[in-house]
Amino acid sequence: MNAPADVSGSQTVFGYTNRLSVLPGEEVSLHVSCEGPVTYQACVVQLHHGFDGSAGPGFLETVVPTRVDGVYPGYTYRCQPGSYVEIDDPSGLTSNPDGFLIRAAIFPTLPRNDRSGTLGAYRISQSSVAFQGQHQSVLGTWDSATKTGWALTLEDGYPTFMWSEGGEPRTVRVATGVTSHHWYELVVETPAGRGSVSLTCTPIPHGMNRVAPAADGLHPEEVRAEATGAWAVSAMPLRIGALAALSEERLVASAAFNGKIGGVSIRRQAEGSAWIARWHFGRSGRADGLLLSSVLDESPNGLHGRCYNGPVRGVTGPTFQGVVEDFRTAPDQFDAIHFHDDDIEDARWPIAITFDVPVDMQSGVYAFRLTADGVDHHVPFFVGKGSRRNDVALLFPTGTYLAYANDRIAFEADSMEMLLGHTPIVHAEDLVLQDHLEFGRSCYEIHNDGSGVVFSSFKRPLITMQPRYRASFMSEGTWGLPADLSITHWLETAGCDFDAITDQDLDREGFELISNYRVVITGSHPEYMTRTELDALEEFTARGGRLMYLGGNGFYATTSYDPDSPHVVEIRRADGGTRPHQSPFAERRHVTSGESAGLWRNKGKAPERLVGVGMSAQGFDRCTYYERLEDSFDARAAFIFEGVGPDERLGDFGIIGGGAAGSEIDFYNPVLGTPPGTLVLATSGPLSDTYLLVAEELYEQLPGLGGTEQPSVRSDVVYGALDSGGGFFSVGSIAWTGSLAYNAYENNIARVTTNVLRRFRDPEPLK
Amino acid sequence: MTRTATDRAAELLATFARRSAARMQSEFTERVVELHDVDPLRVMDDGANRVLRILRSQPISGKHLIYCMGPDGPWSLARVTHGAPGNLVILPETFDDYEDAMRAVFRARRAHFLESLAHTGTEDHSSHRNEGS
């Protein structure tokens, strides 16, 4: 018996890049924070294989000599969550509150530390993040260091207005704290010179309030206090949803608000009640009506703003009437932004290293390897096609990587273990993440206020994208990038050069990006796809391309990237289908694309149409093998099973649950559009009852949804040849890639996969 | 003292937990222990799985996780402890096989279950909270 060392503090250097994919000849920048060590080492490595257990080839990377190699001074930078709008007010019109009339509607969602219950699909009962919402700013310029400026805030849940008289803080506060999930209008009137400051708090009857007006017991309140008029102005910018605080010569968020704020305006009473600003959070300045980072001021002063750290727009505001679901059709009803104190979209660390990717650099998966105190931290990036394009492209599901980025559910959710059917297994990286909650959440989690996380970003350290990372739910198997590095290594072993492309690349360039490849291979879990990506892949196979879908739960949920900030992915959740949480009514429209949230199968783009199979179940105890079916002996499929015996079980081995079939799985489901000529080659062996039929297949509750009773709970391997000469081969299982390297690639999963690859690279049309 | 919605929800949950605990008394048998010991990742018996689901669904605070110390283990039991480094307290005993660690988690829960029976004559849901059963 040995006492394990405390490892949670062992990681001291962290980084992220300004882009996930880069072409030879282009530039990628690295942003680093170093906690403690005065220096760190950096180099560029090519990643070949991730899983570092003895049951596989091991962790394989090669150092690529570049001018990055070296020792760098380490500086510490804060990664400060908290979303807000910062107003561009160069003339300081909002600095001096003399004679102000301020209006703001608020819908607080965590005014006090009293969140209760179990939230979301995984029954999250406790946040890893300690409550820090004693001070929450609605808007203001308050500078806590100099005690100057002004702010409208919630102090321990009580609406409060604070101002400075000669550097001394003054406050006026209503007597009753606000109720969570109810709309209020706050109005502040300040005197022009000496006089009375008033603050009124008026509940707004609203269809989206948690409790009906007849039962809410809420009443208007007004308080007053005398002011001398000796306003002490701060040097801080006006922010909505947080205040500004100085940190390492940068202004970060402080006193971040949890909840919605809307209908914000400021007038100057002394000038005939002239507008200083009237911000409209539902109004877009874009022709397409999308609500991105820019915030419009409709007053003549043009005090426009910009969102930071990814607050949620396209949410219902104080005048919402309960009918319209699309923010673009009724902007006035969506005049609100939902802020969270744990939002983080860009850590905004300075550039530490800039790397010019050599023009002759081979396409593949690379990383900046940072080392401090003997511990490595990898910052992966993908180098795309070079001057010599290969005939095979590997599409890395970076949208999925971001959706799961920095997932910490094992530490917060009551039902995680029940979902898995085993105790989660965590690793040093998980403890590092617990000690760095400021690196933000995944789209599977809920915010501190209980609302679902709908944005993710790669401009923050991504602990779960470490190449050796093992997700807590996988019983020591691979997931995400490490699982896809199993494909990378299989291709290298098979002697197949490939071009690395990412979800963001395909979304940006569409079909043109893949038009000249003969084969596109997916990652193990291409769950989050945009419409452009799906259209591109459909066109690809329709024009003769061959698609190898080597995963499960693919092409599943609506995803969008911010056209102005492509490091941001948006994934809202509808009110149906398998989902970790659910966006409220009328807040299910993606602001970065206009897409309605939810599963693609419910929007006319079921994955079955593209790859023949769609999601059937998920389970995380043991995986299983496949058994061959009658179609596997069809002459058209003979090439797939060359070297495989007629009675062989396929994949009764592997590092993911001990089998090739499992984790998240798909089945042949012709009613959702599987091409009619598709051959069903193999189906999974027995699965346990922790494998449950997906919610989208279930219209009413029925007993017997587990793998031992429900015939649809299975993974099917299918092959489809299209009239174009193109086609698809789909394995419908996340676990498949975990079996490739078994026995040094001498196994029937590697054989089948390699057979398919060889034939798919052959220009002869598929039959 | 004014009762709140939280108090009422807690009463309802406790009522359910009391019934669940009564069922556990009859269903948490040696056979469940045997089935879990044979293969903690593949228990196919309905009754045993109901017991396991109850054990596995308890609140996260204080609950067991398994901590992996290297590429091939060893593995330790650990408990979710907010405020501790990594929000986790790692226990000293190590296991060369993570399935043995899973068995150890189960044994700890079994021991707690029997202990609570001895103390109260019935299982108390609230006593599970920090045991994380």
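**Notes on a predicted two-chain model**

1. Start with chain B: reading along its sequence, you meet the pattern α-α-α-β-β-β-α-α. That makes 5 helices and 3 strands in chain B. Keep in mind while you look around that this is a predicted model. Of the 133 residues in chain B, 36% count as buried. For contacts in chain B between residues at least 6 apart in sequence, 42% join residues at least 24 apart.

2. Stay with chain B for one backbone detail. Look at the peptide bond that joins B:Gly73 and B:Pro74: this bond is cis, with omega about 0°. You'll find B:Pro74 in the loop between S1 and strand S2 (75-80) of chain B.

3. Now for chain A, which is divided into three pieces: domain 1 (13-78 + 349-382), domain 2 (84-111 + 135-339) and domain 3 (388-761). Notice that domain 1 and domain 2 are each written as two stretches of sequence. The centres of domain 2 and domain 3 of chain A, taken over C-alpha atoms, are 43 Å apart. Even so, the two domains touch: 22 residues of domain 2 of chain A and 17 residues of domain 3 of chain A take part in the contact. On the domain 2 side, the touching residues come out as 9 nonpolar, 8 polar and 5 charged.

4. How many residues of chain A are in contact with chain B? There are 38, and they meet 35 residues of chain B. On the chain A side, the elements giving two or more residues are helix H3 (416-420), strand S28 (425-426) and helix H4 (428-434). By class, this side of chain A has 11 nonpolar, 17 polar and 10 charged residues.

5. Zoom in on S28(A), where strand pairing crosses from one chain to the other. S28(A) pairs with strand S1 (residues 64-68) of chain B in the parallel sense, over 2 bridges. Within this pairing, A:Ile425 stands opposite B:Ile66 in S1(B). Remember B:Ile66, as this residue turns up again in the next point.

6. Which residues touch the most other members of the largest nonpolar core? They are A:Ala104, A:Ile261, A:Leu394, A:Met548 and B:Ile66, out of 239 residues in that core. Take A:Ala104 as an example: leaving aside residues up to four places away in sequence, A:Ala104 touches A:Val138, A:Leu139, A:Leu152, A:Leu186, A:Ile261, A:Gly263 and A:Val264. Another core of 11 residues lies apart from the largest one, and includes B:Met24, B:Leu35, B:Leu52 and B:Leu55.

7. For a hairpin to trace by eye, try strand S11 (residues 158-165) and strand S12 (residues 168-173) of chain A. These two pair in the antiparallel sense over 6 bridges. One pair to look for is A:Thr160 with its bridge partner A:Arg173 in S12(A). The hairpin has 2 residues between the strands, and A:Gly166 takes a positive phi near 60° there.

8. Next, find the open sheet of 3 strands in chain A, with the order S39-S37-S41 and antiparallel pairing. Strand S39 (664-668) and strand S41 (692-693) stand at the edges with a single partner strand each, so one side of each has no neighbour in the sheet. Strand S37 (residues 613-618) and S39(A) pair over 5 bridges. Here A:Met615 stands opposite A:Asp666 in S39(A).

9. Is helix H5 (residues 481-493) of chain A mostly buried or exposed? Of its 13 residues, 11 are buried, so H5(A) is largely enclosed by the rest of the structure. The buried ones include A:Leu481, A:Asp484, A:His489 and A:Trp490. From first C-alpha to last, H5(A) reaches 18 Å, close to the 18 Å expected at 1.5 Å a residue. Just after this helix, A:Gly495 takes a positive phi of about 75°.

10. Last, two residues of chain A that have a positive phi although neither is a glycine. A:His181 has a phi of about 60° and is placed in the loop between S12 and strand S13 (184-189) of chain A. A:Ser663 has a phi of about 75° and is found in the loop between strand S38 (626-628) and S39 of chain A. Their surroundings are worth checking too: A:His181 is partly exposed, with 19 other C-beta atoms within 10 Å, whereas A:Ser663 is buried, with 31 other C-beta atoms within 10 Å. The cut-off here is 20: a residue with 20 or more such atoms counts as buried.

Methods
Residues are numbered from 1 along each chain as its sequence is written. Chains are lettered from A and ligands numbered from 1 in the order in which they are written. This is a predicted model: local features need pLDDT of at least 70, side-chain atom pairs count only at pLDDT 80 or more; totals for chains, interfaces and linings use all residues. Domain bounds come from an automatic or database domain assignment. Two residues are in contact if their C-beta atoms, placed from the backbone, lie within 7 Å. Ala, Val, Leu, Ile, Met, Phe, Trp, Tyr, Cys and Pro count as nonpolar, Asp, Glu, Lys and Arg as charged, and the others, Gly among them, as polar. Helices (H or I, at least four residues) and strands (E, at least two) are DSSP runs, numbered from the N terminus. Two strands pair if DSSP finds at least two bridges between them. A nonpolar core is a set of buried Ala, Val, Leu, Ile, Met, Phe, Trp, Tyr and Cys residues joined through C-beta atoms within 7 Å. A residue is buried if 20 or more other C-beta atoms lie within 10 Å of its own, exposed if 12 or fewer, and partly exposed in between; C-beta atoms are placed from the backbone. The expected span of a helix is 1.5 Å times one less than its number of residues.
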